[in-house]
Every structure is written in C-alpha cells, then in structure tokens.
Amino acid sequence: GLRIDGALRSTPSDLPIDTLLHHLLNNQNLMELSLPDNDLVGVAPALCDFRGGYMFASRLSKLRLNKNKLSGAPPVSLTCAHYLETLDLSNNDLAGTLPDDWSDLASLSFLSFGGNPLITGALPMSWFPEVTDEPSSYYRLGNLKELDGSDC
C-alpha cells in the first residue's frame, strides 16, 4: 500500500490540513500517513466524513499528525478506520474531551494525544468497559499497548 512520510518542504508555512487531506485521502491504497512537524493548521480531520469523500480510512493503519498546529476537538469520526493501529495527534492545539467513539478502534495499539493542554476530562469509561462473558466486551481497545496523554 501507499505510505506518505516526512516533511512537506515545498508547501507554505501553515498549510490548511483540509486542503492537504482532500488531495491525499481519496487514495484507496493509502495505508500510512505520517506528517509530523509540518505546520499543518486547522481542525483535526474527520477521517470518516463520507460526504467529504474520505472513504479511504478502511485501509489506513498509521496516522501521525503530531507536532503540528491542529485545533478543535479530537476527531470523532474515526470509526471507519478499522485497521488503524497507530494514532498520534500529540503536540497540537486540540481542545475538549476525548471521543467515546475511539473505543471502537479495535486494532489500535498506539495512541498519543499528549502535549495538548486544552484536552480536558478523564479517559472515557467506554474505552474500558467492565469485562463480562459477552464477547463484545473484550474488543474495546483490547490491542492497546501504549497510551500517552501526558501534559493534557
């Protein structure tokens, strides 16, 4: 699959993330998007906005948008990213509470949202349901191995 990683050297400072994503994320073969420290600005992307055409996310396994200038609430619309293993939104300007819907990211093994001091509240209880004999209770973030929420 397609992997995009590194610095966007030919882009202007403070590139709006929605402009960038509109061109990149319609690629059905995109598996990894790693663009840390690129001065990307704007609201954190809603990956599963089918009205906007972002239907790529079902194949995406790694999304790293750390060390940018993303703002707004942490993106709720990630549930179509069934294979997302890595989500790094650390060191941005995100604000608000963490979405309950992230508990549906069953493949997630690395989650970092640290360095966003305007994120408030506790970790959602839906991320850590009481384990019962119901098979569905075992799938909530069951693959998560690393969680970083420092400096929030």
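A residue counts as buried under 20% relative accessible area, as exposed over 50%, and as partly exposed in between. These classes recur throughout the following account of the structure, which is a predicted model.

The protein has 152 residues, of which 38% count as buried. Its secondary structure consists of 1 helix and 10 strands. Read from the N terminus, the elements follow the order β-α-β-β-β-β-β-β-β-β-β. Contacts across long stretches of sequence are well represented: among contacts in the protein with a separation of 6 or more, 69% join residues 24 or more positions apart. The accessible surface amounts to about 8000 Å², and carbon and sulfur atoms contribute 51% of that area.

The account turns next to the pairing of strands. Strands of a sheet pair through backbone hydrogen bonds, in either a parallel or an antiparallel sense. Here, 4 strands form an open sheet in the order β3-β5-β7-β9, and their pairing is parallel. Strands β3 and β9 (118-119) are the edge strands, since each pairs on one side only. Within this sheet, β5 and β7 are joined in the parallel sense over 2 bridges. Gly72 has Leu94, in β7, as its bridge partner.

Strand β5 also takes part in a side-chain interaction. Side chains of opposite charge can pair when their charged atoms come close. The structure holds 2 salt bridges. In one of them, Asp39 is joined to Lys69, with 3.7 Å between the closest N and O atoms. Asp39 belongs to the loop between β2 and β3, whereas Lys69 belongs to strand β5 (residues 69-72), so this pair ties together parts that are 30 residues apart in sequence. The relative accessible area of Lys69 is 34%, which lies between the limits of 20% and 50%, and Lys69 is therefore partly exposed. Asp39 falls in the same class by the same reasoning, because its relative accessible area is 30%.

A salt bridge also links the side chains of Lys62 and Glu85, at 3.7 Å from N to O. Lys62 is in strand β4 (residues 62-64) and Glu85 is in the loop between β5 and β6 (86-88), so the pair ties together parts that are 23 residues apart in sequence. Glu85 has a relative accessible area of 34% and is therefore partly exposed.

Glu85 appears again in the surroundings of Ser61. Ser61 is located in the loop between β3 and β4. With a relative accessibility of 9%, under the 20% limit, Ser61 counts as buried. Leaving aside residues up to four places away in sequence, Ser61 touches Met31, Glu32, Tyr83, Leu84, Glu85 and Thr86.

The loop between β2 and β3, which holds Asp39, contains further residues of interest. Leu35 is placed in this loop, between β2 (30-34) and β3 (41-43). Its relative accessibility is 1%, so Leu35 counts as buried. Leu35 and Leu65 are separated by 30 residues in sequence, yet their C-alpha atoms are 5.3 Å apart in space. Asp37 is found in the loop between β2 and β3 as well. Unlike Leu35, which is buried, Asp37 is exposed, because its relative accessible area of 56% is over the 50% limit. The backbone of Asp37 has a positive phi of about 60 degrees, although Asp37 is not a glycine.

Asn91 likewise has a positive phi, near 55 degrees, in a residue other than glycine. Asn91 is placed in the loop between β6 and β7 (93-96). At 37% relative accessibility, Asn91 counts as partly exposed.

Finally, the surface carries a nonpolar patch formed by Leu123, Phe128 and Leu147, which together have about 240 Å² of accessible area. Leu147 is located in strand β10 (residues 146-148). With a relative accessible area of 35%, Leu147 is partly exposed.

Definitions and conventions: Residues numbered from 1 in each chain as written. Predicted model: local features only at pLDDT ≥ 70, side-chain atom pairs only at ≥ 80, totals over all residues. Heavy atoms only, no water. Buried < 20%, exposed > 50% of the residue type's maximum accessible area, 1.4 Å probe, protein only. Salt bridge = Lys/Arg side-chain N within 4 Å of Asp/Glu carboxyl O. Contact = heavy atoms within 4.5 Å. Areas by Shrake-Rupley, 256 points an atom, 1.4 Å probe, with all protein chains shown as cover. Patch = residues over 30% accessible without salt bridge, like charges linked within 9 Å, V, L, I, M, F, W, Y side chains within 5 Å. Pairing = 2+ DSSP bridges.
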